[in-house]
Amino acid sequence: MKKNGWVLFLFIFLGLLAGALVAIWLREIPGLTFLTRAIKLNWSPAADLSVISYSLNLNVNFSLLSVIGAIVAIWLYRKM
């Protein structure tokens, strides 16, 4: 399989998603709160140029498990 940037992006995205799902599943276990606690990042650019206006809302939640999932995905990509 040929390695390129899009495949790496897909691996990282799937790793973040898998880590986030594991964090949601383990949220109820009291001893693992340091792994499942999420940091929320919000970005909301907007402009009104009288001809066109736009607003974009981007919300990203990172937990330690999602970062670990991304690291594992990069490792798997390099092993291909």
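These legends go with a few close-up views of one predicted model.

**View 1. Helix α1 from end to end.** Helix α1 runs over residues 5-25. Does its length fit what a helix should have, or what span would you expect? With 21 residues at 1.5 Å a residue, α1 should span 30 Å, and its end C-alpha atoms are indeed 30 Å apart, so the two figures agree. Have a look at the start of the helix too: there, a side-chain oxygen of N4 comes to within 3.2 Å of the backbone nitrogen of W6.

**View 2. The two sides of α1.** Which residues of α1 are buried? They are V7, G15, G19 and A23. Looking down the axis of α1, you'd find these buried residues within an arc of 145°, so they line one face of the helix. Turn to the other side and you meet W6, F9 and W25, which are exposed. As for what lies over the buried residues of α1, the cover includes α2 (33-36), β4 (58-63) and α3 (64-79).

**View 3. The largest pocket.** Here we zoom in on the largest pocket, with a volume of about 210 Å³. Its lining is made up of F9, I12, F13, L16, L17, A20, V60, N61, F62 and S66. Two elements, α1 and β4, each give two or more residues to that lining. Which element gives the most? That's α1, with 6 residues. One residue ties this view to the one before: F9 is part of the pocket lining, and F9 is also among the exposed residues of α1.

**View 4. T36 in helix α2.** This close-up is centred on T36, which sits in helix α2. Is T36 buried or exposed? Its relative accessibility is 12%, and since buried means under 20%, T36 counts as buried. Setting aside its neighbours within four places in sequence, T36 is in contact with A23, L26, R27, S63 and L65. A23 is a name you've met already, as one of the buried residues of α1.

**View 5. S63 in strand β4.** Now for S63, one of the contacts of T36. S63 has its place in strand β4. With a relative accessible area of 7%, S63 is under the 20% cut-off and therefore buried. What does S63 touch, leaving aside its neighbours within four places in sequence? The list is A23, L35, T36, R37 and A38. So A23 turns up again here: S63 is in contact with A23, and T36 is in contact with A23 as well.

Note on methods. Residues numbered from 1 in each chain as written. Predicted model: local features only at pLDDT ≥ 70, side-chain atom pairs only at ≥ 80, totals over all residues. Heavy atoms only, no water. Helix = DSSP H or I, 4+ residues; strand = E, 2+ residues; numbered from the N terminus. Expected span 1.5 Å × (residues − 1). Buried < 20%, exposed > 50% of the residue type's maximum accessible area, 1.4 Å probe, protein only. Arc of directions from axis to C-beta. Contact = heavy atoms within 4.5 Å. Polar contact = N/O pair within 3.5 Å; in protein donor to acceptor, adjacent residues only side chain to side chain. 1 Å grid on protein atoms, 1.4 Å probe; cavity = no way out; pocket = protein on both sides within 12 Å on 5 of 7 lines; lining within 4 Å. Points joined across faces, edges and corners; volume = space filled by probe spheres on them.
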